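Thanks for agreeing to look at this one with me. Below are my notes, set out as numbered points so that you can work through them beside the viewer.

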Amino acid sequence: MKPFKYLEPRTLAEAFEMKRGRPSAVYLAGGTDVVPLMKYDLIFPEAVISLEHIPELGEVAVSGQDLVIGGMTRLHQLEQALDSGGRILIDSPGYYGTALAGLGRAARSVASPQIRRLGTVAGNLRQYHRCFYYNQTAMWRQGIETCLKDGGSVCHQAPGKKTCQALHYSDLAPALLAAGAKVMLFRGQEMETVPLDALWSAPALLNDGTLIVKIIIPEIFGLKGLFFRKRAARAAIDFPLANAALAWRSDGRVSLSVGAMSPEVFFLKDTADLISQKLQTGAPWPENLEETAEKEARKKMRPIREATVSPAVKIKAMAAAVREVLADIRNTDPV
C-alpha cells in the first residue's frame with residue numbers, strides 16, 4: 001500500500017474542502033471497499049479522509065412521515081433499528097407495522113457480521129463496481145490488457161463494449177430503490193436531494209467531493225410491504241448473483257427492482273404496473289406474471305461472467321429472486 005495522509009474532518013464542509021483540494025483523495029466510511037482496493041494497487045489516494053467524526057452522518061430516525069438513515073449508519077445499526085419483522089425499534093410514535101421487513105432482510109444479507117459492523121449504508125450504495133478482471137492484484141493484472149475501468153480501452157467482461165460493464169453488487173440498493181428512497185447530498189455550499197437512482201443514471205453527481213449525507217424513505221406510514229430476496233453461491237459472505245425487491249404501498253402502487261445484473265439497479269416497471277392494477281381493482285392475479293417479469297428483466301440486464309459463474313447461471317438466479325418476491329406479495333394478498 002502506498003503512503004497517504006490520514007485526515008479527520010469534524011464537519012461536512014471541512015471534509016468537502018479536504019477532498020476538493022486533493023483530487024485523488026478518497027473518503028473512508030467503513031473501509032470494507034476502499035481498503036482492499038488500496039491493497040490491490042487499484043487506487044492510489046494521496047489522502048484518506050475519515051468520515052467517522054461527522055455527527056450528521058450517523059443517525060437513524062423517523063422524521064414526520066419519513067425514515068431518515070444517516071450515510072455513516074453501520075449496517076448492523078440498521079439491523080438493530082429494524083427487527084426481523086420489519087418493525088422500527090426506535091422512537092416512532094404511531095408506527096407499529098412490519099412494512100420494512102425487506103430492508104432489514106437486505107441489511108442482514110450483506111457479507112458477514114464482522115463486515116456489517118464496519119460497513120455503512122452510504123458505502124454499500126456507493127461501492128465500486130466489481131469485475132473479475134479488475135478486482136485482482138497488480139501482478140495478476142499484468143497478464144492482461146489494461147481495461148476501461150483501469151484507464152485502458154477494452155472491457156474483458158464484455159468485449160466490444162465501449163463502456164465499463166462492471167456490476168453493482170449492493171444489497172441495500174434494490175430495497176431502497178423499490179421503496180422510493182431519495183438521497184440527500186452535500187455539494188459544498190448546500191444540500192441537494194435527488195432520487196436514489198440518480199447515483200447510477202447521473203454518476204457525475206458524486207464528483208468533486210460530494211457526500212451522501214442521508215438516505216430518506218418517504219411516507220413510511222403508507223408502505224404496506226417491502227420484500228427482498230437474494231440469490232448467491234452461499235447463504236452468507238458472498239456478493240449476490242442477483243437480488244430483487246418489491247415495495248407495496250397502501251394505495252396499491254407497486255415498485256419492483258432488480259440488482260447485481262448490470263452496472264445499474266433497474267426497475268421492472270411493466271411487471272409492477274400489472275401487479276398495481278390487480279391490487280387496485282381486486283382483479284385476479286395476472287397469469288404468467290413470473291414469466292412476464294423474467295422477460296422484462298432480460299431486456300434490461302447485462303449479465304456478465306463472474307469468475308466461475310456463467311451468465312446463464314446469473315439469469316436463473318435473477319429469475320428465482322424475482323419469483324420469490326412475487327410469491328411474498330401473493331402470500332400477503334392471496335386473493
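Which residue in β7 does L185 stand opposite? I start with that strand pair and then work outwards.

1. **The β6–β7 hairpin.** L185 stands opposite E192 in β7. Please keep in mind that we are looking at a predicted model. Strand β6 covers residues 182-186 and strand β7 covers residues 191-195; the two run antiparallel and are joined by five bridges. Together they make a hairpin, with four residues between the strands. In its turn sits G188, whose phi is positive at about 110 degrees.

2. **The other partner of β6.** β6 is also joined to β8 by five bridges, again antiparallel. On this side V183 is the residue to find: I215 of β8 stands opposite V183. As for burial, four of the five residues of β6 are buried, so this strand is largely enclosed by the rest of the structure.

3. **Strand β3 and its two parallel neighbours.** Here is another strand with cover on both faces. In β3 (residues 47-50), A47 and I49 are buried on one side, while V48 and S50 are buried on the other. A general point helps in reading this: side chains in a regular strand alternate between the two faces of the sheet. β3 pairs in the parallel sense with strand β1 (residues 5-7) over three bridges, and I49 is the bridge partner of L7. Strand β2 (residues 26-28) also runs parallel to β3 and is joined to β3 by three bridges; in that pair V26 stands opposite V48.

4. **The four-stranded sheet.** Which strands make up the open sheet, and in what order? The order is β9-β10-β11-β12, and the pairing is antiparallel. The edges are β9 (223-231) and β12 (266-267), each of which pairs on one side only. At the β12 end, β11 (residues 254-259) and β12 pair in the antiparallel sense over two bridges. S257 has F267 of β12 as its bridge partner.

5. **Helix α4.** This helix spans residues 101-108, and its buried residues are G102, L103, G104, A106 and A107. For orientation, an α-helix has 3.6 residues a turn, so residues three or four places apart point the same way. What do the buried residues of α4 pack against? Their neighbours include the helices α3 (75-81), α5 (113-118) and α8 (172-178). Strands take part as well: β5 (66-70), β8 (211-217) and β9. You may recognise β8 as a partner of β6 and β9 as an edge strand.

6. **Q127.** Is this residue buried or exposed? With 10% relative accessibility, Q127 counts as buried, the cut-off being under 20%. Q127 lies in the loop between α6 (121-126) and α7 (138-141). Leaving aside residues up to four places away in sequence, Q127 touches D33, H168, Y169, S170 and F239.

7. **Two backbone angles to check.** D41 and A111 deserve a look in your Ramachandran plot. Phi of D41 is near 60 degrees, a positive value in a residue other than glycine. D41 is placed in the loop between α2 (34-39) and β3, and is partly exposed, with a relative accessible area of 24%. Phi of A111 is also positive, near 50 degrees, and again the residue is not a glycine. A111 is in the loop between α4 and α5; with a relative accessibility of 13%, A111 counts as buried.

8. **The chain as a whole.** Stepping back, the chain has twelve helices and twelve strands. Its radius of gyration is 20 Å, close to the 20 Å from the globule rule for 335 residues, so the chain is as compact as a globular protein of that length. The C-alpha trace spans about 60 × 45 × 35 Å along its principal axes. Of the 335 residues, 52% count as buried. Among contacts with a separation of 6 or more, 64% come from residues 24 or more positions apart.

9. **Surface and charge.** The exposed area of the chain is about 15500 Å², and carbon and sulfur atoms supply 52% of it. There are 41 positive and 35 negative charges, and the mean positions of the two sets are 5 Å apart.

Terms used
Residues are numbered from 1 along each chain as its sequence is written. This is a predicted model: local features need pLDDT of at least 70, side-chain atom pairs count only at pLDDT 80 or more; totals for chains, interfaces and linings use all residues. Side-chain values use heavy atoms; hydrogens and water are left out. The radius of gyration is taken over C-alpha atoms; the globule rule is 2.2 Å times the number of residues to the power 0.38. Buried means under 20% relative accessible area, exposed over 50%, partly exposed in between (1.4 Å probe, protein chains only). Contact means heavy atoms within 4.5 Å. Accessible areas come from the Shrake-Rupley method with a 1.4 Å probe; for residues, only the protein chains shown count as cover. Lys and Arg count as positive and Asp and Glu as negative; His and the chain ends are not counted. The place of a charge is taken as NZ of Lys, CZ of Arg, CG of Asp or CD of Glu. Two strands pair if DSSP finds at least two bridges between them.
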